[in-house]
Amino acid sequence: MLATANTAYLTWRYLAVRHGWSAPGAGLCSWTAWVDCDRVLQSAEARWFFVPNAVLGLGFFGGCWLFWRGARATAAATRMLALQWLAHALALGALASLWFLYLMTRLDALCPLCPWNHALAFAAP
């Protein structure tokens with residue numbers, strides 16, 4: 001749930017800056033020239049092809065959360081299978097987080113919220 005909320009904010013922030021709804025550097029996590037989510041979100045490393053990484057994270061964490069909520073309402077045997085599938089998906093998400101953590105080391109700015117998504121991805125499985 002925390003990762004979903006975090007990626008929802010980062011997705012909104014990306015869209016707000018990209019479309020001129022908010023000024024760059026005026027966000028919740030834009031503190032200094034080096035600690036600035038807006039600079040990170042607008043960098044080339046913050047997109048996979050044309051899709052912002054925050055949107056990918058929102059889809060992944062939001063999808064896992066909805067899948068978990070649905071799995072809780074099923075029969076015990078089905079629930080166990082669904083939770084095993086979810087654990088595998090979260091493990092793959094944790095592996096993908098290694099790549100994103102590597103990309104963050106190449107940036108000239110730091111987003112203080114982004115590493116939390118990756119830490120939560122490792123904590124989930």
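Thr-78 counts as partly exposed because its relative accessibility is 44%. That label belongs to a three-way scale: buried means under 20% relative accessible area, exposed means over 50%, and partly exposed lies in between, using a 1.4 Å probe and protein chains only. Thr-78 sits in helix α4. Take Val-55 as a partner for a quick look at distances: Thr-78 and Val-55 are 23 residues apart in sequence, and their C-alpha atoms are 29 Å apart in space.

Before going on, keep in mind that this is a predicted model, where local features need pLDDT of at least 70, side-chain atom pairs count only at pLDDT 80 or more, and totals for chains, interfaces and linings use all residues. Residues are numbered from 1 along each chain as its sequence is written, and side-chain values use heavy atoms, with hydrogens and water left out.

**The overall layout**

The protein has five helices and two strands. Starting from the N terminus, the elements run α-α-β-β-α-α-α. Helices (H or I, at least four residues) and strands (E, at least two) are DSSP runs, numbered from the N terminus. The C-alpha trace spans about 50 × 30 × 25 Å along its principal axes. Out of the 125 residues in the protein, 38% are buried.

Gly-93 is another resident of helix α4, and it counts as buried because its relative accessibility is 14%. Gly-93 and His-19 are 74 residues apart in sequence and 29 Å apart in space, C-alpha to C-alpha.

**Salt bridges**

How many salt bridges does the structure hold? There are two, a salt bridge being a side-chain nitrogen of Lys or Arg within 4 Å of a carboxyl oxygen of Asp or Glu. Here they are side by side:

| Salt bridge | N to O distance |
|---|---|
| Arg-13 and Asp-38 | 2.8 Å |
| Arg-39 and Asp-108 | 3.0 Å |

In the bridge between Arg-13 and Asp-38, distant parts of the chain are linked: Arg-13 is in helix α1 and Asp-38 in helix α2, 25 residues apart. Are these two buried or exposed? Arg-13 counts as buried because its relative accessibility is 2%, and Asp-38 counts as buried at 3% relative accessibility.

The bridge between Arg-39 and Asp-108 also links distant parts of the chain, with Arg-39 in helix α2 and Asp-108 in the loop between α4 and α5, 69 residues apart. Arg-39 has 35% relative accessibility, so it counts as partly exposed. Asp-108 has 54% relative accessibility, so it counts as exposed.

**Rings and their neighbours**

Now for the aromatics: the structure holds five aromatic pairs. Rings of Phe, Tyr and Trp (its six-membered ring) pair if their centres lie within 6.5 Å; planes under 30 degrees apart count as stacked, over 60 as edge-to-face and the rest as tilted. One of the pairs is Trp-48 with Phe-49, which is edge-to-face at 5.1 Å centre to centre and 65° between the planes. Both of these residues, Trp-48 and Phe-49, are exposed. Another pair, Trp-99 with Tyr-102, is tilted, with 5.5 Å centre to centre and 40° between the planes. Trp-99 and Tyr-102 are three residues apart in helix α4 (residues 76-105), so about one helical turn separates them. Tyr-102 counts as partly exposed because its relative accessibility is 41%.

Phe-49 deserves a second look. Where is Phe-49 placed? It lies in the loop between β1 (47-48) and β2 (51-52). Its phi is near 60°, a positive value in a residue other than glycine. Phe-49 counts as exposed because its relative accessibility is 65%.

A ring can have a charge over it too. The charged end of Arg-72 sits over the ring of Trp-68, 4.5 Å from the ring's centre; the rule is that NZ of Lys or CZ of Arg is within 6 Å of the ring centre and within 35 degrees of the ring normal.
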